[in-house]
Amino acid sequence: MTDAPDTPAPAASTTDPMVLTSIVGAVGTITLNDNARRNALSAALLDAVIGAIAAFEAKSVRVVILRAAPGLKVWSAGHDIKELPRGHEDPLGYGDPLERALRTIRSYPGPVIALVQGSVWGGAFDLVLSCDMIIADETSAFAITPANLGLPYNTTGLLHCLNRLPLNLVKEMFFTANPVKAEQAAKWGIINHLVAAADIETFTTELATHIATKAPLAIAVVKEQLRVLTDFQPVAAQVFERIQDMRRAVYESADYEEGISAFLEKRKPVFRGV
Ligand code: YXS
């Protein structure tokens, strides 16, 4: 296992790499690196994450840490709103870069640990929930925000939340779009460990390094079984079709258009329920 120095993943069209990567022993680290845009989950950033994870798998990296740069106020601002389709297309379709990244993390044959400092918004909440564990510090906060945009969240995303939180807490997060601060996130079980900012890097590295000494095949088969058991809830075809119809009515609504326009125009949205 080579101890590669910080090696940027294949950069997208920007000069700076969208992610930084490093491997120490059997632990690989991916650092989101689009800080000017608050690590908004653009296709370029997500493709870089997916590429970095594939490169780690090719090098048999046993444990992955997914993080942002140390000490940022914002870990990730969520889905890149500027890339959301404007009506007449599912904003969270199966092929959406965010959905591809979630599936990549959930099927990686080893633990992916989210190291969270700062606030996590929208689809980035789904991203950290799709990691196998979340280690967060006192500056962390977690918000799921489709209600701010008029966006119909997708069924797999709701399932990810229901697999982590009781129904009443999932509803509170979706209906209020309020950030859940670190202490509350620990109390609710969103995060595995709440660790002081000064210690979180050492704590997470020691945890990852410890796991990397365990039997990788045994861990991979447990992770994949848990994925299959939690993700695959049978849904009758007509129920699925009804859900798609309901979601289409929302992403074709004037409210969804208003939500995105308001963000782009840096103003508060006015939702009329149409
Ligand atoms: O104005 P410039 O060009 O400098 O760019 C600004 C922001 O427009 C940009 N930016 C984003 N661009 C695209 N998509 C985003 N989600 C996004 N967030 C930010 O980054 C530049 C710096 O942002 P600024 O000035 O607002 O930074 P700040 O430090 O004052 O505030 C940080 C945030 C995160 C509190 C603020 O940027 C914010 O509220 N961002 C939007 C958070 C959000 O609502 N995320 C949900 C995205 S939609 C999603 O994830 C799901 C589909 S769902 O809707 O279902 O949850």
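**Helix α1, the nonpolar cores and a few residues worth a look**

Helix α1 runs for 16 residues and spans 22 Å from its first C-alpha to its last, close to the 22 Å expected at 1.5 Å a residue. That figure, like everything else here, comes from a predicted model. A good part of α1 faces inward: L45, L46, A48, V49, I50, A52, I53 and F56 are its buried residues. Those side chains don't sit against a single partner; the buried residues of α1 pack against the strands β1 (19-24), β2 (27-32) and β3 (63-68), and also against helix α2 (97-106). Just past the helix comes S60, with a positive phi near 55°.

A48 is a handy example from this helix. Located in α1, A48 counts as buried because its relative accessibility is 5%, and the cut-off for buried is under 20%. A48 and A101 are separated by 53 residues in sequence, yet their C-alpha atoms are 9.6 Å apart in space.

Helix α1 also turns up in the main nonpolar core. The largest such core has 58 residues, and W75, F125, I134, F142 and I190 are the ones with the most contacts inside it. Helix α1 (residues 43-58) supplies the largest share of this core, eight residues. As a general matter, nonpolar side chains in soluble globular proteins tend to be buried together. F125 gives a feel for how the core is wired up: neighbours within four places in sequence aside, F125 is in contact with V120, F142, A143, I144, C161, M173 and I190. Two of the residues with the most contacts in the core, F142 and I190, are thus named among the partners of F125 as well. There is also a second, separate core, made of 13 residues, with V27, M133, I211 and A212 among them.

V27 also shows up in the surroundings of A208. That alanine is found in helix α8 (residues 200-212), and at 0% relative accessibility A208 counts as buried. Once neighbours within four places in sequence are set aside, A208 is in contact with V27, V63, I65 and I113. A208 and Q184, on the other hand, are 24 residues apart in sequence and 24 Å apart in space, C-alpha to C-alpha.

Next comes a pair of helices. The axes of α5 (residues 155-162) and α6 (residues 167-176) come within 9 Å and cross at roughly 125°. With that angle, α5 is oblique to α6. On the α5 side the contact is made by L158, C161 and L162, and on the α6 side by L167, V170 and F174. In terms of chemistry, the residues of this contact are six nonpolar, no polar and no charged. C161 is listed among the contacts of F125 too.

L159 is another residue of helix α5. Apart from neighbours within four places in sequence, L159 is in contact with T230, D231 and Q233. The C-alpha atoms of L159 and P109 are 21 Å apart in space, with their positions 50 residues apart in sequence.

Toward the other end of the numbering, S261 lies in helix α11 (residues 254-264). S261 is a buried serine, with a relative accessible area of 11%. Not counting residues up to four places away in sequence, S261 touches two arginines, R86 and R267.

Finally, a word on backbone angles. Most residues other than glycine have a negative phi. R38 goes the other way, with a positive phi of about 55° although it is not a glycine. R38 sits in the loop between β2 and α1, where it is partly exposed at 45% relative accessible area. K266 is a similar case, being a residue other than glycine with a positive phi near 55°. K266 lies in the segment after α11 and is exposed, with a relative accessible area of 80%.

Key:
Residues are numbered from 1 along each chain as its sequence is written. This is a predicted model: local features need pLDDT of at least 70, side-chain atom pairs count only at pLDDT 80 or more; totals for chains, interfaces and linings use all residues. Side-chain values use heavy atoms; hydrogens and water are left out. A nonpolar core is a set of buried Ala, Val, Leu, Ile, Met, Phe, Trp, Tyr and Cys residues joined through side-chain atoms within 4.5 Å. Buried means under 20% relative accessible area, exposed over 50%, partly exposed in between (1.4 Å probe, protein chains only). Helices (H or I, at least four residues) and strands (E, at least two) are DSSP runs, numbered from the N terminus. Contact means heavy atoms within 4.5 Å. Axes are lines fitted to C-alpha atoms, for helices over the stretch in contact, and angles run from 0 to 180 degrees between N-to-C directions. Angles under 35 degrees count as roughly parallel, over 145 as roughly antiparallel, 65 to 115 as roughly perpendicular and the rest as oblique. Ala, Val, Leu, Ile, Met, Phe, Trp, Tyr, Cys and Pro count as nonpolar, Asp, Glu, Lys and Arg as charged, and the others, Gly among them, as polar. The expected span of a helix is 1.5 Å times one less than its number of residues.
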